[in-house]
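Here are a few short exercises to work through with the model open beside you. Try each task before reading its solution.

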Amino acid sequence: MRKVGFFKFLVIFLIAVPGFGQKVKYKDIYGLLRAKQYDAAEPVLKQFLASNDNTPSAYLYMGLILEEKSLRVDVLKQTDLAVSMMDSSIFYFNTAYTAITEKEVKRNDEYYEIYNRRDLRTGSFGVKLSDIQFDLEKKRDALKARIDQVKMVKHYFSLADTLYKKSTGLYTSIQATYPTQKELYLRADDVLLQNLKKLSVRFDSCTKAFDHYRTSLGSLGKTGYNQSYSLVDISDFALEGRSGTDFFMNDLKLWNYKKFATETEKVIKEEVFPMQEHLIAYDIEINNLREKLNKDSVSVKSELTKIIDELLADKMKKFDPDPLPLNLFALKIADLEYRSAVIENQKNKDSLDARLKVEQITRELGFLKTLEAKANKLFESDLDAMVANYSHFVENTYNNPVVL
């Protein structure tokens with residue numbers, strides 16, 4: 001019966017005030033407020049307050065309407081609107097707090113029936129000003145706290161989203177500089193290490209911001225958001241890691257940029273950089289043998305076998321199946337082997353043994369063919385690309401690609 005009565009009242013109310021153009025009486029609006037039909041009551045209550053400032057309970061209900069509406073606003077997509085509504089609600093509560101007096105409560109107690117309580121001392125029901133004021137103080141304080149919470153939630157959400165986008169941007173810039181993982185390792189330098197460190201720190205900050213967002217979100221109650229994330233490893237540097245993600249989704253898939261950055265940095269520092277220095281040291285050893293051969297005109301064949309470094313070759317081929325430095329070393333070693341053979345054959349230059357002469361010439365030709373094959377392999381390769389991959393080695397052994 002009460003619902004039927006309310007709808008009859010609503011129909012009569014809407015007929016009586018078409019378009020809300022006529023003067024609205026507060027007691028008519030109160031029927032909607034009492035039934036908590038706030039969406040219907042809000043426009044007419046605003047109209048009423050625009051021309052009436054002597055009805056304290058109107059400010060109270062305007063505050064309640066805005067308080068309820070602010071709880072339904074999307075805290076992430078409509079943060080400013082939610083904060084604005086809560087600020088306005090606080091304003092109306094403050095105005096009501098000042099305007100509602102003992103006299104007002106006694107004269108219009110029907111407008112404050114939501115505060116109708118049994119007096120524990122007398123046992124009778126009634127409305128007390130102190131109850132109204134206490135409730136308004138609580139609502140005001142709660143709204144102020146919620147404003148801070150909503151701002152914090154949005155801050156950490158936006159921070160996590162921004163940091164992830166920046167992490168993706170930095171990763172893609174690394175991808176653009178190094179086409180494949182091979183180039184990533186072989187062309188590594190201090191600039192790359194700085195970018196990897198930055199990527200690791202940035203992504204770590206992103207996940208921490210997201211964790212703070214999740215914690216802050218829990219203080220707001222029901223918001224419609226319940227995001228969580230899982231980390232996806234980057235297994236193919238050239239193809240993966242570029243795609244972004246929508247942080248409004250509940251199940252987030254985040255590329256694990258921190259793991260990629262820390263593991264790559266470790267390989268560069270512990271394997272690539274020491275290998276680069278080893279290449280330079282190995283080149284110096286070969287050059288020393290060449291100087292000895294040139295200066296003393298002696299064979300260095302026996303010493304060549306001592307310096308051949310199979311371990312270095314194995315380490316290099318982990319990153320490059322056909323490394324430029326190894327091809328250069330092979331060429332220089334082939335040259336020394338040929339020239340050592342020529343020197344060794346000099347001791348028999350006066351021999352009349354034709355068979356021995358043929359054997360010596362055949363041996364020298366064998367070394368020459370090997371030397372030619374090593375040289376042709378370098379000439380037929382993409383030397384520019386190889387030099388780019390081994391710029392540290394080239395600069396520290398030949399000064400520049402032209403000398404090489």
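**Exercise 1: Surface**

Find how much area the protein chain exposes, and the share that carbon and sulfur atoms supply.

Solution. This is a predicted model. The exposed area of the protein chain comes to about 23000 Å². Carbon and sulfur atoms supply 53% of that area. Now turn to burial: 40% of the 404 residues in the protein chain count as buried, where buried means under 20% relative accessible area.

**Exercise 2: Overall form**

Compare the radius of gyration of the protein chain with that of a compact globule of 404 residues.

Solution. Begin with the reference: a compact globule of 404 residues would have a radius of gyration near 22 Å. The protein chain has 42 Å instead. Next, look at the box filled by its C-alpha atoms, which is roughly 140 × 45 × 35 Å along the principal axes. Finally, add the secondary structure: the chain has 16 helices and four strands.

**Exercise 3: The core**

Which residues have the most contacts inside the largest nonpolar core?

Solution. The largest nonpolar core holds 106 residues. Within this core, Tyr26, Leu33, Leu45, Phe247 and Phe393 have the most contacts. Helix α7, residues 129–177, gives the most to this core, with 14 residues. Now zoom in on Tyr26: leaving aside residues up to four places away in sequence, its partners include Leu33, Leu45, Phe48 and Tyr111.

**Exercise 4: Charges**

How many positive and negative side chains does the protein chain have?

Solution. Count 60 positive and 58 negative side chains. Then locate the centres of the two sets, which lie 9 Å apart.

Definitions and conventions:
Residues numbered from 1 in each chain as written. Predicted model: local features only at pLDDT ≥ 70, side-chain atom pairs only at ≥ 80, totals over all residues. Heavy atoms only, no water. Helix = DSSP H or I, 4+ residues; strand = E, 2+ residues; numbered from the N terminus. Rg over C-alpha atoms; globule rule 2.2 N^0.38 Å. Buried < 20%, exposed > 50% of the residue type's maximum accessible area, 1.4 Å probe, protein only. Areas by Shrake-Rupley, 256 points an atom, 1.4 Å probe, with all protein chains shown as cover. Lys, Arg positive; Asp, Glu negative; His and termini not counted. Charge placed at Lys NZ, Arg CZ, Asp CG, Glu CD. Core = buried A, V, L, I, M, F, W, Y, C linked by side-chain atoms within 4.5 Å. Contact = heavy atoms within 4.5 Å.
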